[in-house]
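Me: I would like to go through this model with you, starting with how the helices pack and then turning to the nucleic acid. Could you take my questions one at a time?

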There are 2 protein chains.
Amino acid sequence: MVDEVLELLRERGHRLTKPREAVARALLEAEDWLRPEQVWEVAHHYCPSVGLVTVYRTLALLEELGVARRIHLAHGCHGYAPAEMHHGHHLVCRSCNQVLEFLGTEDLAPLIAQVSRRTGFVVEEHLLELVGRCPACQQT
Amino acid sequence: MVDEVLELLRERGHRLTKPREAVARALLEAEDWLRPEQVWEVAHHYCPSVGLVTVYRTLALLEELGVARRIHLAHGCHGYAPAEMHHGHHLVCRSCNQVLEFLGTEDLAPLIAQVSRRTGFVVEEHLLELVGRCPACQQT
DNA sequence: TTGCCTGTTGATATAATTTTTCAATAAGGA
DNA sequence: TCCTTATTGAAAAATTATATCAACAGGCAA
């Protein structure tokens with residue numbers, strides 16, 4: 001899994017380094033999306049010397065390679081999820097900020113095709129965020 | 001238009017102030033979404049003394065009232081659009097960052113209803129972002 | 001294996017954006 | 001008009017992300 005990413009890096013002419021491996025590993029083993037700083041905490045475990053700056057750089061690189069996906073959060077900072085995990089969309093609770101993934105990408109295909117036809121855009125990815133209140137937070 | 005917002009503010013127990021009116025006016029007359037600083041520039045025109053901090057506070061308040069909608073942009077900062085304008089979604093060009101609005105909310109209604117039923121979430125708003133390349137940027 | 005070239009890194013500084021603090025101000029009811 | 005208190009604006013602080021640059025290390029060639 002991580003190996004495939006490292007292989008991809010090499011193919012594209014990037015060097016294989018410990019920091020990059022650590023960041024890739026941290027992201028890929030995530031159960032959920034992580035904020036850059038959280039990625040850093042985990043990556044740190046694999047490569048103690050890794051700096052936060054490199055985490056940012058590597059996440060951007062992984063996004064470019066299609067391995068990571070950037071998520072836009074309600075409160076302004078960014079999160080990243082492994083790309084294959086994020087073929088679903090997310091559901092954010094406005095109160096407790098929990099994020100639930102749900103599937104349903106195929107429902108959007110016709111819409112995307114239509115938009116693409118009308119605007120000339122090549123749509124490379126999409127993000128559907130539903131914001132609301134989870135069952136627990138509705139009771140407040 | 002602005003009057004309705006002011007009325008809504010009063011109904012909810014908020015005070016009617018020049019800065020709030022200026023921010024509401026700036027946002028409502030926008031052709032497109034604006035970043036907080038852009039809102040400030042326009043609001044400034046209606047209330048020269050208004051500070052950027054108040055713009056942030058008022059935008060948050062307007063969002064709470066359902067008058068403004070927060071938009072999550074690719075590069076991390078936020079933008080706001082009048083709520084009624086933003087019943088469409090947006091299409092972001094990865095290269096030049098231009099944002100196009102497009103309609104199609106009704107297509108999502110069944111999906112939202114289904115998710116709501118399955119998860120127990122009350123979905124209050126949604127955001128669909130398509131990211132890709134605009135016709136001009138495809139040629140690079 | 002050794003050495004070299006150059007892509008990468010990490011620390012620091014910097015930038016950009018948003019939030020907090022708090023004294024002064026002004027809205028709106030009495 | 002007066003009083004209470006929500007609201008404001010300026011400055012400071014916090015947060016998040018990026019730029020700079022000398023030191024380092026990956027990987028190819030010899």
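The exchange below covers helix packing in each chain and then the surfaces around the DNA strands of this predicted model.

Me: Let us start with chain A. At what angle do helix 2 and helix 4 cross?

Reply: In chain A, helix 2 (residues 18-28) and helix 4 (residues 52-64) have axes that cross at roughly 70° and come within 10 Å. Helix 2 of chain A is therefore roughly perpendicular to helix 4 of chain A.

Me: Which residues make that contact?

Reply: Helix 2 of chain A contributes A:Pro19, A:Arg20, A:Val23, A:Ala24 and A:Leu27. From helix 4 of chain A come A:Thr54, A:Val55, A:Thr58, A:Leu59, A:Leu61 and A:Leu62.

Me: And how do they divide by class?

Reply: The contact of helix 2 with helix 4 in chain A comprises 8 nonpolar, 2 polar and 1 charged residues.

Me: Is the crossing left-handed or right-handed?

Reply: Helix 2 and helix 4 of chain A cross in a right-handed manner.

Me: Now chain B. How are helix 2 and helix 4 oriented there?

Reply: Their axes in chain B come within 10 Å and cross at roughly 70°. Helix 2 and helix 4 of chain B are therefore roughly perpendicular to each other. The crossing in chain B is right-handed.

Me: Which residues meet in chain B?

Reply: On the side of helix 2 of chain B they are B:Pro19, B:Arg20, B:Val23, B:Ala24 and B:Leu27. These meet B:Thr54, B:Val55, B:Thr58, B:Leu59, B:Leu61 and B:Leu62 of helix 4 of chain B. By class, the contact has 8 nonpolar, 2 polar and 1 charged residues.

Me: Changing topic to the DNA: which residues come nearest to strand C?

Reply: There are 20 residues around DNA strand C, and A:Val50, A:Thr54, A:Arg57, B:Leu16 and B:Tyr56 come nearest. Of the atoms of DNA strand C that come within 4 Å of the protein, 63% are accounted for by sugar and phosphate.

Me: Which elements supply at least two residues of that surface?

Reply: Helix 2 and helix 4 of chain A do, together with helix 4 (52-64) of chain B. The residues of the surface near DNA strand C divide into 8 nonpolar, 6 polar and 6 charged.

Me: What lies close to a phosphate oxygen of strand C?

Reply: One of the contacts involves A:Thr17, with a polar side-chain atom 3.0 Å from a phosphate oxygen of DNA strand C. B:Leu16 places a backbone N or O atom 2.8 Å from a phosphate oxygen of DNA strand C. For B:Arg35, an N or O atom of the side chain is 3.4 Å from a phosphate oxygen of DNA strand C.

Me: And strand D: which residues come nearest there?

Reply: A:Tyr56, B:Arg20, B:Val50, B:Thr54 and B:Arg57 come nearest, of the 20 residues around DNA strand D. Sugar or phosphate makes up 62% of the atoms of DNA strand D within 4 Å of the protein, and bases make up the rest.

Me: How far is the polar side-chain atom of B:Thr54 from a phosphate oxygen of strand D?

Reply: That distance is 2.5 Å for B:Thr54. B:Arg20 has a polar side-chain atom 2.8 Å from a phosphate oxygen of DNA strand D, and for B:Thr17 the distance is 3.0 Å.

Me: Which elements give two or more residues to the surface near strand D?

Reply: They are helix 4 of chain A, together with helix 2 (18-28) and helix 4 of chain B. The surface near DNA strand D has 8 nonpolar, 6 polar and 6 charged residues.

Methods. Residues are numbered from 1 along each chain as its sequence is written. Chains are lettered from A and ligands numbered from 1 in the order in which they are written. This is a predicted model: local features need pLDDT of at least 70, side-chain atom pairs count only at pLDDT 80 or more; totals for chains, interfaces and linings use all residues. Side-chain values use heavy atoms; hydrogens and water are left out. Axes are lines fitted to C-alpha atoms, for helices over the stretch in contact, and angles run from 0 to 180 degrees between N-to-C directions. Helices (H or I, at least four residues) and strands (E, at least two) are DSSP runs, numbered from the N terminus. Angles under 35 degrees count as roughly parallel, over 145 as roughly antiparallel, 65 to 115 as roughly perpendicular and the rest as oblique. A crossing is left-handed if the near helix is turned anticlockwise from the far one by less than a right angle, and right-handed if clockwise. Contact means heavy atoms within 4.5 Å. Ala, Val, Leu, Ile, Met, Phe, Trp, Tyr, Cys and Pro count as nonpolar, Asp, Glu, Lys and Arg as charged, and the others, Gly among them, as polar. A residue is near a molecule or strand if one of its heavy atoms lies within 4 Å of it. A polar contact is a pair of N or O atoms within 3.5 Å; within protein, one must be able to donate a hydrogen and the other to accept it, and residues adjacent in sequence count only if both atoms are side-chain atoms.
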